Amino acid sequence: MSDNDLSQDSFEDDLARFRELAKSAATKNHTLDEPPADLWTRIEQAVAENNINDEQWDESLSGVNDAKDVFAFSRARKALPALIAIAAALILVVAGVLTLQWEVEDEILSEVALSNEGLDPAGGESLGAAKLVKLDNGAYGIKLDLTGMPKPDKGYLELWAIDTQVKGMVSLGPFEGNGVYRLPSGIDPKTFPIVDISIEPPDGVPTHSGVSILRGQLT
Amino acid sequence: MQHEVLVDEIESRFQQGKEDSLRDTYDQYGSLIYTLCRKSLGLDQASDVTQDVFLAAWVRREQFDPQRGSLGAWLVGIAKNKIIDAARRQGRQDRIVLALEPEQALSSGQSSSPKFVDRLADRLLLVDAMKRLSPRAKNVLELAFYEELSQTEIAERCDMPLGTVKSDMRRGLSQLRRHLVNYEDKAGLLK
């Protein structure tokens with residue numbers, strides 16, 4: 001923008017606006033902090049991990065490892081929706097097969113009754129049990145046997161494994177009926193022993209809504 | 001002005017995804033974004049959210065338009081959305097903690113309302129923008145801001161030609177305006 005782009009009116013407006021802000025910043029003693037020394041390294045690693053994921057997509061689409069540039073992003077994105085649909089279909093098929101196996105071969109490690117006590121009254125009629133099961137492939141799962149589950153007008157029910165500090169929580173996905181819900185690999189059920197079912201609004205926010213209807217702690 | 005050329009070059013290289021341009025961008029704006037996150041969310045979350053901002057910016061760098069405003073303003077636009085999201089998550093987390101273990105209820109989140117974050121971001125952007133002005137333009141604007149001197153008074157005080165003072169002020173205000181542009185987020189592209 002050249003100097004002449006500023007009319008006298010906008011000059012006065014800008015002067016007044018920035019003067020007020022400058023005085024306000026000075027009053028509140030606003031200065032800029034130095035970030036922690038390791039923050040850049042963390043960002044660099046996050047970008048590198050993001051690049052690796054991107055390259056894996058590229059390779060899976062092209063079959064050729066030509067993604068040597070670590071700053072190469074977003075190639076072949078047009079094919080992504082189709083790939084996701086195929087992957088989702090495969091996951092459904094595999095999950096269906098595994099669920100059938102789990103129904104037969106689950107090793108029950110512990111069990112807890114889930115209660116609505118102190119939680120959202122939308123789950124007042126809900127009750128049941130959660131079992132920690134060891135699957136034949138070595139993974140852990142939460143086997144649910146529940147009744148009286150509400151059907152929210154808006155949103156859906158979601159199953160969570162929560163740690164005892166209530167600082168970490170892992171979504172095991174939408175609750176879609178009784179059955180086994182596999183814990184992601186690397187998630188230790190001893191670290192996340194609280195089984196929780198929440199009502200989630202359809203807002204796209206991936207975190208727990210804070211509206212729980214059933215809960216219990218596995219031992 | 002050498003500094004302006006440097007910033008222009010970084011913006012261009014960043015937009016094109018050139019190697020090292022993210023590091024240069026972080027060197028230029030890391031303090032600004034980190035401070036905004038720390039003052040809004042507290043020390044615990046400041047680094048995580050700052051990291052998210054730079055990662056998101058890098059992934060979406062092609063959406064940055066230097067014609068609309070500075071790279072710093074664009075990063076702050078992303079940061080504001082990240083901060084609001086983090087505060088929202090924290091609010092939900094607080095409710096869960098409260099339900100399970102009331103004594104552990106957290107107290108963060110008071111300073112993360114959108115209005116507060118907008119206002120804080122503008123102040124910090126101004127502080128950052130002032131640092132980027134030439135020493136002469138910075139001095140002229142400081143006299144205009146803090147002592148509310150007119151251009152004639154500044155010329156007399158600094159023993160400078162009035163035309164030079166006017167030119168410095170206009171150039172300085174133009175730079176501030178570009179740095180404090182508000183990126184709107186109607187399409188959710190800044191998240």
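Reader: How many residues does α5(B) have, and what distance does α5(B) reach from its first C-alpha to its last?
Author: In this predicted model, the span expected for α5(B) at 1.5 Å a residue is 26 Å. The helix comes close to that expectation. α5(B) has 18 residues and, from first C-alpha to last, reaches 26 Å.

Reader: Which residues of α5(B) are buried?
Author: A residue counts as buried if 20 or more other C-beta atoms lie within 10 Å of its own. In α5(B), the residues that meet this condition are B:V117, B:L120, B:A121, B:R123, B:L124, B:L125, B:L126, B:D128, B:A129 and B:M130.

Reader: Are α1(A) and α5(B) roughly parallel or roughly perpendicular to each other?
Author: Helix α1 (residues 8-27) of chain A packs against helix α5 (residues 114-131) of chain B with the axes 9 Å apart and at an angle of about 95 degrees. Angles of 65 to 115 degrees count as roughly perpendicular. The two helices, α1(A) and α5(B), are therefore roughly perpendicular.

Reader: Which residues of α5(B) make the contact with α1(A), and how do the residues of the contact divide?
Author: From α1(A), the contact draws on A:F18, A:L21, A:A22, A:S24 and A:A25. From α5(B), the participants are B:D122, B:R123, B:L126 and B:V127. By class, the residues of this contact are six nonpolar, one polar and two charged.

Reader: How many residues of chain B are in contact with chain A, and how do they divide by class?
Author: On the other side of this contact stand 40 residues of chain A. Helices α2 (21-41), α3 (43-59), α4 (71-100), α5, α6 (135-146) and α8 (162-179) of chain B each supply at least two residues of the side that touches chain A. Chain B contributes 44 residues, which divide into 20 nonpolar, 10 polar and 14 charged.

Reader: Which strands stand at the edges of the open sheet of chain A?
Author: The sheet has four strands in the order β5-β4-β7-β8, with antiparallel pairing, and its twist averages 20 degrees from one strand to the next. An edge strand has a single partner, so one of its sides is left without a neighbour in the sheet. The strands in this position are β5 (169-174) and β8 (212-217) of chain A.

Reader: Which residue in β8(A) does A:D196 stand opposite?
Author: Strand β7 (residues 194-200) of chain A runs antiparallel to β8(A), and five bridges join the two. The residue of β8(A) opposite A:D196 is A:R215.

Reader: Is A:T219 buried or exposed?
Author: A:T219 lies in the segment after β8 of chain A. Its C-alpha is 9.0 Å from that of A:I194, at a separation of 25 residues in sequence. Because A:T219 has 10 other C-beta atoms within 10 Å, and 12 or fewer count as exposed, A:T219 is exposed.

Note on methods. Residues numbered from 1 in each chain as written. Chains lettered and ligands numbered in written order. Predicted model: local features only at pLDDT ≥ 70, side-chain atom pairs only at ≥ 80, totals over all residues. Axes fitted to C-alpha atoms, helices over the stretch in contact; angles between N-to-C directions. Parallel < 35°, antiparallel > 145°, perpendicular 65-115°, else oblique. Contact = placed C-beta atoms within 7 Å. Nonpolar A, V, L, I, M, F, W, Y, C, P; charged D, E, K, R; others polar. Expected span 1.5 Å × (residues − 1). Pairing = 2+ DSSP bridges.
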